[in-house]
Amino acid sequence: MHPPGSTEIASQAITFMAALMLVLQLLMIPQRMLLATIRLFAIQSFLLAAIAAVVAYHHQASHVYVVAILTVVGKVLLLPWLLNRLVRRIEIHQEIEPLLNAPASMLLGGGLTLLGYVVARPFTSLERLGHNTLAIALTLLLTGFFLMINRRKAITQVLALLTVENGVMLAAVALTTYGMPLVVELGIFFDVLVAVMVLGILVYRIRENIASIDTSQLNQLKG
Amino acid sequence: MSEFPSTLLLLALCAYAAGMAGALVFRRAERLANGIGFGLASAGGTLGLASFVSALASGSCATAGSIQLVPSLIPFVRFSIRADPLGCFFGMTISLLAVAIGIYSIGYARGYYGRKSVGALAALFNLLLLSTTLVFLADHAWFFLMAWEIMALSAYCLVSFDHEHEESRGAGVLFFVMSHAGTAGLILGFLILHQASGTWGFDGFASLGGRLPASLRNVCFLLFLFGFGVKAGMVPLHIWLPAAHPVAPSNVSALMSGVLIKTGIYGLVRVSFDWLGAPPSWWGGAVLAIGTISALLGVLFALMEHDLKRLLAYHSIENIGIILMGLGASMMFLHWGRPALAALALIAGLYHTINHASFKALLFLGAGAVLHATHTRNMEEMGGLARRMRWTALFFLVGAVAISALPPLNGFVSEWLTYQSLLQGFGASSSLLRLMLPLSGAMLALTGALAAACFVKAFGITFLAQPRSAHARSALEAPAPMLAGQAILTAACVFLGLFPMLLLRLFDPLTLQLTGQQLSQQLVAARGMAIAAIAPQGGAVSTLGIALMLVCLLPAPLAAWLLFGRRTRMRVGPTWDCGLRGLTPHMQYTATGFSKPLRMIFKALFRPRREVQREYDFSPYFATTIRFESHVEEPFQTRIYRPLKWLVLRASRRLRALQAGSIQAYLIYIFVTLVALLLVAL
């Protein structure tokens, strides 16, 4: 079924692209500009789509192509466009104000990467193609989570949530031969889409009401 | 063996549902909502009564199959009902009350016109009827719990219906909290049963006890005892009852006191007789002891009350105690291998259940009529109502005689049966039984006497002598529907008292199901004119005979006067007023004064406090003003619940710090948990 050597090539490609995804994620941690973060996310999503395409080509699994195409359409084009528009419309500061300073965040990011690799080590035998994809997926998840905590603005938190979702998709594509059942993937995909829509509206409302989209000020609503 | 009348039953349920919908649809037109809502409630009750009575009489309920009400969309829930004998019996009780209270409410709700939404009241009332009926019939654990919760929620809404008053809101919250604590116990109990049987259907739980390990079975029993005990209002879980019953609209109090608290009894019987099977002796002992304590404390606290509805609420605790005494004795007999006696005690308990439902609902309806006329619940402001509200006074008197267990009314029959079964303990083989049962019997006798004293007070202070306030002086008789509702229940009290043999026949399928015995043949003596307890020492009594004798003796004083009294001269003069200028209502015996001797006897329990301040000009014997205050303590309130509440509130305040209200903080909680779990997994 597979031409000799093709498995090796596919595996190398996936490993390389997954590593790039991790690098992009770590770049996002100290990134201070909002639009740059959106761009980084778009590139990361494109890499995810490429990995899905390689997996689909290698296993001749047509429905994984659908995942790849949906990722390109949704996460590479549509979501960044939506977020860009949102940023322009509400005219906020381009600068992200993290809670922790950049060096400390980077240090923590490194620690979380380590944790991801350690946790994933027992499961490396499950990986079909590529190396350490599970570890990278876990790291994306953990650092994405950390990004969510470390940001003040609702939009940047949405972005962080999207990178978490990227991690989940990576694990799904890389670990299982044929990815998750298509329905599940579609479900997750639309979930994220709707979440972004809702959050977009919410951000708008929050700004209208408390004249800021700084979520650390939401505790003023507490009774 | 005839077919179970399931069409009638379904029609009854539909009538409740339609009553609820109709009352909501026409909530803008008060009169229409009132008529439709309560009219359909009453109609549903009639249909239900017909179906349950015929099912019990023909014995067809023993073989009644499961009916799916609506197809279920949730995987492990089945909305099915099965009218087995036990369910039918309780269904009969609630249907009887639905008929009477439905009619009464048509008159009672008029008092709310223009003030509150009558449509909402009628809709909630129907919802309460529907859900309580479904509690008795549900055939599936989750469906049962759903009906149970809907019942609790609709009752909560009804208790706090007069939500402008702080008191109503507080009582509602207390009921809500207690009820949910109880439900937690039930859910845990059902989980244990599910684990043992692998099913959620009630048919799978039947006689499950043998397959459970003893410790688990005991835990299960205790959980259910707690859960159902809260709803039944047994001591010490009773505190919601005297708070919630007085503040609810009176028709709701009647329904709650008549049926809602009986769901606890239903659950206990279902669990301990049907599911857990062959109880260890301490179960029966515990239930008997709780029953005895509830009965005694309930009546003692009732004696101290001068809020008419609170007094009745405390009497509900007493009567729940009496019912529990029957159940406890039955469980003990079952353990000691005396199924016939167990059946007798069970019949006594359940007979008292329907009796209490009828006379307590009657009394609450009467209290509602008094409240309607005088706008106060305080007995010290009533008096002299017997002249102005003749019919209400008569009905209340019948209810008072019935609850005081005086022959020939229904309270007497069931308490007599309870005595008979308790006194059989003398012949028991085990020393524990020989000790406990007669002791409870003695306590029951004390309770009965105190209850009679309490109702002398309740009736005397409320209806006799001179009016104590302007409201009482201008009181008017209740409108016709309210009187009709009371009349129905009065008739039920008399009927259940005079013709116990007819009702005993209905118990046959029930005792056959739960204890394997059929007693109606043995219990009915003298060609159906009298009831007799089984076994050698059993006595026999005929309420019908007593009633006939009373009727025959009625002309006796007249005859005596005709014979001997004609020659004495009759003088009419004023009552002696100690030389003061005329009698005033202030000189009358008060409710507080009436209960003083008992307050002094039981002062270790009540810890009465009194405060007297008198102001005088020249001599303390000629005081110008006197201020008198008297309190009794509710030991459960002050000793158990207040510290508990304080602890919970303090813990909640501490935990509140976690709710920082910031997204970052919540995310950190999740993140830290995730990382910690990952580290643990390493």
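**Figure 1. Helix α13 of chain B, a largely enclosed helix.** In this predicted model, 27 of the 28 residues of α13(B) are buried, so the helix is largely enclosed by the rest of the structure. A residue is called buried if 20 or more other C-beta atoms lie within 10 Å of its own, exposed if 12 or fewer, and partly exposed in between, with C-beta atoms placed from the backbone. Helix α13(B) covers residues 308-335 and reaches 41 Å from its first C-alpha to its last, close to the 40 Å expected at 1.5 Å a residue. That expected span is 1.5 Å times one less than the number of residues in the helix. After α13(B) comes Gly337(B), with a positive phi near 70°. A word on names: helices (H or I, at least four residues) and strands (E, at least two) are DSSP runs, numbered from the N terminus.

Two notes apply to every view. Residues are numbered from 1 along each chain as its sequence is written, while chains are lettered from A and ligands numbered from 1 in the order in which they are written. Because the model is predicted, local features need pLDDT of at least 70 and side-chain atom pairs count only at pLDDT 80 or more, whereas totals for chains, interfaces and linings use all residues.

**Figure 2. Helices α2 and α4 of chain B, checked for length.** Helix α2(B) takes in residues 30-58; its 29 residues should span 42 Å at 1.5 Å a residue, and the end C-alpha atoms are indeed 42 Å apart. Just after α2(B), look for Gly59(B), which takes a positive phi of about 80°. Helix α4(B), residues 118-137, should span 28 Å with its 20 residues, in agreement with the 29 Å between its end C-alpha atoms. Is α4(B) mostly covered or hardly covered? It is mostly covered, with 19 of its 20 residues buried.

**Figure 3. The largest nonpolar core and a separate one.** A nonpolar core here is a set of buried Ala, Val, Leu, Ile, Met, Phe, Trp, Tyr and Cys residues joined through C-beta atoms within 7 Å. The largest has 220 residues, and Leu97(B), Ala100(B), Ile347(B) and Ala361(B) touch the most other members. Helix α14 of chain B, residues 339-374, gives the most to this core, with 23 residues. Domain 1 (1-212 + 239-274) and domain 2 (355-557 + 589-595) of chain B each supply at least three residues to this core. Zoom in on Leu97(B): leaving aside neighbours within four places in sequence, Leu97(B) is in contact with Leu255(B), Gly258(B), Val259(B), Ala357(B) and Ala361(B). Contact means that the C-beta atoms of two residues, placed from the backbone, lie within 7 Å. Apart from the largest core lies another, of 60 residues, among them Leu40(A), Leu140(A), Phe146(A) and Ile155(A).

**Figure 4. Strand pairs in chain B.** Strands pair if DSSP finds at least two bridges between them. An open sheet of 3 strands has the order β3-β4-β5 in chain B, with antiparallel pairing. Its edge strands, each pairing on one side only, are β3(B) at 524-525 and β5(B) at 540-541. Between β3(B) and β4(B), residues 530-532, there are 2 bridges, and Ala525(B) stands opposite Ala530(B) in β4(B). Elsewhere in the view, 8 bridges join β6(B), residues 609-616, to β7(B), and these strands run antiparallel. Together β6(B) and β7(B) form a hairpin with 6 residues between them. Glu615(B) faces Thr625(B) in β7(B) as its opposite residue. How many of the 9 residues of β7(B) are buried? The count is 0 for this strand, residues 623-631, so described as hardly covered.

**Figure 5. Phe190 in chain A.** Chain A has 7 helices and 0 strands, and 41% of its 223 residues are buried. Phe190(A) lies in helix α7(A), residues 182-210. Why does Phe190(A) count as exposed? It has 12 other C-beta atoms within 10 Å. Phe190(A) and Gly74(A) are 116 residues apart in sequence and 9.3 Å apart in space, C-alpha to C-alpha.

**Figure 6. Val494 in chain B.** Val494(B) is found in helix α20(B), residues 480-498. With 18 C-beta neighbours inside 10 Å, Val494(B) counts as partly exposed. From Val494(B) to Tyr616(B), the separation is 122 residues in sequence and 54 Å in space, C-alpha to C-alpha.

Technical notes
Domains from an automatic or database assignment.
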